[in-house]
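Biologist: Please take me through this model. I want the reasoning behind each label.

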Amino acid sequence: MFQNIELLIHNNSYGIVQSNVGASNGILHIIDGFISGNNSENLEDQRKTVAEILAKEHVFQRFQIMLENIEYPELLKGPGPFTVFVPSNRAVDKLRDGTLFYMFTEGRLKLQELVKHHILSSARLTVDRLATIPRILSKANQIISINVDHHGQITLGDKAVPLYRRDIIASDGVIHSLDGILIPPSIIPILPKQCNKIHHHIVTAPCGDCSALSSRKCPEGAAPMETYDVGCKYDASADGVLYSRKLGCAQHCNQTIVKPACCKGFYGRECRACPGGFKEPCYAHGECIDGIKGNGSCKCHPNFKGIACHICSHPNKHGTNCEQDCLCLHGSCDNRPENSGICLPNSCEDGFMGNLCDTRTETCGSENLSQYCHAFAECTYTNNTVRCVCKSGYEGNGLSCQSEDVCRRSDRGGCDRNAECVTLGPGNASCICNTGWSGDGHVCTEINECLLNMRGGCHSNADCQYIGPGQSSCVCRKGFAGNGKICTARDPCLQSNGGCHLKAECKATESGSRECTCPEGYGGDGIICFRDVLSELAGSSYFSGFNAWLQKCLLRTELRGGANVTVLAPSDAAIKDMNRTEKAAWEQSRSLCVLVRSHILVGGFSTDQLMEHRGQDLQTLNTFITWPVASENGVSSLCSCVSVVCVGLTVRECFTFPDLTFRTRSILTQKQFPEMKR
């Protein structure tokens, strides 16, 4: 029975019209369309750059969005040539399991590393050249392996990601489209391996008016509760100029504190995997210094050494626990745990050869025999049998020997995947870690510049952010500006006077903060500045009437020069509420000064201090008038005790301050001082 089958070729669908048509040398399937090669002829434009083609074509849309979100505009700038492997839109969409969202938000640095791993900035590698190269180094300083199967299909990386659009030529390079994504090992696992510790604490919001609890915000990261404290103290302004301290309420808040932490096997602020992998840190031969403050270094167990605890500390031991004796007889032991106790290449003593340097070589006894051996071969005697064997570093049958390039072997001379194998001579090679990696070449670990003494060249007032092996960026800290290599303190005083009082001097500090200093003649902490009593009264229109009385009474000498007084200043509204006749009588020079002096206490008293003087008499600037402090139901009152010598009459009345401020709501007139009416 015929089944509907579709073929997906170069991202295009083709239906099979007729299938399984037999032939002597194969099978035919008839399809409903023409397969148009690799479709690159519709995309390439040798007049445009790689960046311009990527931005133009819809088939590269997802990768273009990734490029735009890494904030790395110079990635495809410059003369090139570039080779760019672009994941298909469908391949990118497969990361919509939360991985893509994470990389576009918190994991921007991992997104940047992912994009760079798809770019080669040193060559234009068309398909015919790719097929001849076993591996390339991406712009992320990591290796991409290239494999060609027996059908000629080219795949990239350990996951064998195939090409489906090839050789899209641009003016500064070439583009290949992939049916998958190349994931650089340095960002695995992509999703963060954080094991944050969460704590809950009860804190209080700022103290304020009890009637306005809902307007007092909890600290960041805290949620309001139904309970609150009563009786806390807060500073309040009477009119934007004068300040006093009041009793109020403070909301209870449930604050969630998240302490960043890495899971076991991960280290640093990015929680990167330890050397050897997070499943077996330090190849299970040591303890990784992990955690959020760890540096990823390995503290090796006994019998092991090396940057990743990958070498036996004893030069003649090998095996899982480095307890087995090396089998190498006349050479240097390859003392890596996973080796079988063989000798290091080219380490055999003269006269010996083989993996264990246990085969003796001698000059052939017969000239007729020796002439048949190759120049790079030696005679060996085994069971009284003479034969030709190629010398160490050469391969062949002894009659013909060729130089052995160990870098072409499958194990690349034992070099790490992030190292280059450099041929030094026949059978001899050196392993050199790639840029951004460190180690002995057999094991290479990524270099985190932020953990080095130079911190990636960042300024002392900048944070170093790890990007990838040997790559970092510098970001100036809060309060500083610059490119991260050089950071200068921002001047916080340039905007809104740095939060200082308008009269205060704002001065930037080296730490990027600021200091506020009130000008000469002012008191306060710089956030709030205030002058002496006379200046404050003169500077506020709210007390213009009372200030005019002060000027008439010539009290400047008594109120300046460090005088410590408390002024109970009536507001203009209180003065306007006075009876005209009564006001006119009091504004006579003799009566007015007595009235004004009665509103000024000797000594400075906050409302809290007035509460502390309950039952005591407070002296005014009038020597014959004192104010006892009374308290009823938590409300402070000042009671006038007026002693008039000429008539011998004492009158006692109370004056109440229910709002606990220094501003009076009425005036002490003839109700309090009836004898002054005369």
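Modeller: Start with a rule for sheets. Two strands pair if DSSP finds at least two bridges between them. One caution: this is a predicted model.

Biologist: What is the order of the strands in the open sheet of seven strands?

Modeller: The order is S5-S4-S10-S9-S8-S7-S6, and the pairing is mixed.

Biologist: How do you know that strand S4 and strand S10 pair?

Modeller: Count the bridges. A pair needs at least two. Six bridges join S4 (residues 82-87) to S10 (residues 173-178). So they pair. The two strands run parallel. Among the partners, Val-86 is matched with Ser-177 in S10.

Biologist: What makes strand S5 and strand S6 edge strands?

Modeller: Each has a single partner strand. One side of S5 (119-120) therefore lacks a neighbour in the sheet, and so does one side of S6 (135-137).

Biologist: Why is helix H5 called largely enclosed?

Modeller: H5 covers residues 108-116. Buried means under 20% relative accessible area. Eight of its nine residues are buried, so the rest of the structure largely encloses the helix. Leu-109, Gln-112 and Val-115 are among those buried residues, and Lys-110 and Glu-113 are also included.

Biologist: What do the buried residues of H5 pack against?

Modeller: They pack against helix H2 (61-69), helix H4 (99-104) and S5. Strand S32 (462-468) and strand S33 (471-476) are also on the list.

Biologist: Why does Thr-380 count as buried?

Modeller: The cut-off is under 20%. Thr-380 has 1% relative accessibility, so the label fits. Thr-380 is found in strand S24. Its C-alpha lies 9.8 Å from that of Gly-351, and the two are 29 residues apart in sequence.

Biologist: How many aromatic pairs are there?

Modeller: The count comes to three aromatic pairs.

Biologist: Why is the pair of Phe-376 and Tyr-394 called stacked?

Modeller: Ring centres must lie within 6.5 Å, and planes under 30 degrees apart count as stacked. Here the centres are 4.4 Å apart and the planes stand at 10 degrees, so Phe-376 and Tyr-394 are stacked.

Biologist: What makes this a link between distant parts of the chain?

Modeller: The two residues are 18 residues apart. Phe-376 sits in the loop between helix H7 (367-370) and strand S24 (377-382), while Tyr-394 belongs to strand S26 (residues 394-396).

Biologist: Is Phe-376 buried, exposed or partly exposed?

Modeller: Buried is under 20%, exposed is over 50%. Phe-376 has a relative accessible area of 35%, so it is partly exposed.

Methods:
Residues numbered from 1 in each chain as written. Predicted model: local features only at pLDDT ≥ 70, side-chain atom pairs only at ≥ 80, totals over all residues. Heavy atoms only, no water. Phe/Tyr/Trp six-rings, centres within 6.5 Å; stacked < 30°, edge-to-face > 60°. Helix = DSSP H or I, 4+ residues; strand = E, 2+ residues; numbered from the N terminus. Buried < 20%, exposed > 50% of the residue type's maximum accessible area, 1.4 Å probe, protein only. Contact = heavy atoms within 4.5 Å.
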